[in-house]
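Colleague: I have a model open on my screen and would like a close look at one part of it. Could you walk me through the disulfides and what sits around them?

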Amino acid sequence: MRKPLVAALSALALAGIGAAPAVAAEPAASGVGKSVDTDTPVSVVKDVVTSATSTLSQVTSPKLQAVTLAGTVSLSNCSGSVIRFPNSLDTDPALVLSNGHCLTTGFPEPGEVLTNQASSRTFGLLNSSGTRVATLRASKLAYGTMTDTDVSIYQLTSTYASIKSSYNISPLTVQDTHPTAGTAITVASGYWKRLYSCNIDGFVYRLKEGDWTWKDSVRYTSACQTIGGTSGSPVIAPSTGKVVAVNNTGNEDGARCTENNPCEVDANGNVTVREGINYAQEIYNIPACFTTGNQLNLNASSCTLPKP
């Protein structure tokens, strides 16, 4: 489980501002991933940094010039982004991407897949400087699961064209090819209005956290010290501006395969624990599961997402 905020802040008070960032608690009893307690005062944790050096490098890195917060959204407990697929049309209903563990209904059980469920969830749309310029509303949860991946996709009541016309903000495009190790990436958190810059360190055959197992996960290099509330953030490649993954978890305490302490399992069953390292889930396979009008079709021939 994630550390409760009070305990985390107490530890910081003892250790000083240079201590590792507190990870706030998930609203649910369990705490998989990097969502945040909705009762947490955001102004307290957002200024906590790993160290002056790492913070300076993230703020001043030239790579960040290619990525802003435009098109990201803030959820009640997580981050997300307005996304489109390569074949989406401007007249299609817009979509919001986040994590399956960020659902308001709690964590989906292993093997559980939710599709086309009515939803009126709201999202705060941010511009490039991180200012909230609008509140977007969902019409349904198109897809949500924590099986094989950790993803939720909401369909909105607004089209891409209407969002662009009203707020001059374009959606982020999902890359439909597998990401590459070594790629420079930026994790853009709409919840914290903060960017984290690092590289893709590699890929994990199986990432196990508590009762859940995710396939072919993205492992970051150590510079991306994401915190509670960054769950669901788009992972953007500055070289293309496309979303290559969705941020979802990290090993907080060095424990083995427990909630908030995922472990890596290779094809032979060998387990590796990397304390302080964070992860994302790939999304390149999602566009194949959405057809005309941004409608979900899990029976599409090339769709490999888990089915109900």
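Modeller: Here is a tour of the disulfides, followed by a strand that leads up to one of them and a short stop at a cavity.

Keep in mind that this is a predicted model. The count comes to four disulfides, and if you number the bonded cysteines along the chain, they follow the pattern 1-2, 3-4, 5-6, 7-8. I'll take three of those links in turn.

Start with Cys 78 and Cys 102, whose sulfurs sit 2.0 Å from each other. Cys 78 is in the loop between strand S1 (72–74) and strand S2 (79–84), while Cys 102 is in the loop between strand S3 (93–98) and strand S4 (113–118), so this bond ties together parts that are 24 residues apart in sequence. The torsion about the S-S bond is -85°, making the link left-handed. As for exposure, Cys 78 has a relative accessible area of 0% and is buried; Cys 102, also at 0%, counts as buried too.

Next comes Cys 257 with Cys 263, at an S to S distance of 1.9 Å. This link is right-handed, with 100° about the S-S bond. Cys 263 is buried at 0% relative accessibility. Cys 257 comes in at 16%, and since buried means under 20%, Cys 257 is classed as buried as well.

Then there is the bond from Cys 289 to Cys 303, with 2.0 Å from S to S. Cys 289 lies in the loop between S16 and strand S17 (290–291), and Cys 303 in the segment after strand S18 (295–296), so the pair links parts 14 residues apart in sequence. The torsion here is about 100°, so this disulfide is right-handed. Cys 289 is buried at 0% relative accessibility, and Cys 303 is buried at 7%.

S16 deserves a look of its own. Five of the five residues in this strand (residues 278–282) are buried, so S16 is largely enclosed by the rest of the structure. Strand S13 (residues 242–250) pairs with S16 in the antiparallel sense over five bridges, and within that pairing Ala 245 has Glu 282 as its bridge partner. Strand S11 (residues 212–220) also runs antiparallel to S16, over two bridges, with Arg 219 opposite Tyr 279.

Last, the cavity. There is one of 30 Å³ or more, with a volume of about 30 Å³. Its lining includes Gly 71, Val 82, Leu 125 and Tyr 160. The lining residues split into six nonpolar, two polar and no charged.

Definitions and conventions:
Residues numbered from 1 in each chain as written. Predicted model: local features only at pLDDT ≥ 70, side-chain atom pairs only at ≥ 80, totals over all residues. Heavy atoms only, no water. 1 Å grid on protein atoms, 1.4 Å probe; cavity = no way out; pocket = protein on both sides within 12 Å on 5 of 7 lines; lining within 4 Å. Points joined across faces, edges and corners; volume = space filled by probe spheres on them. Nonpolar A, V, L, I, M, F, W, Y, C, P; charged D, E, K, R; others polar. Buried < 20%, exposed > 50% of the residue type's maximum accessible area, 1.4 Å probe, protein only. Helix = DSSP H or I, 4+ residues; strand = E, 2+ residues; numbered from the N terminus. Pairing = 2+ DSSP bridges. Disulfide = S-S within 2.5 Å.
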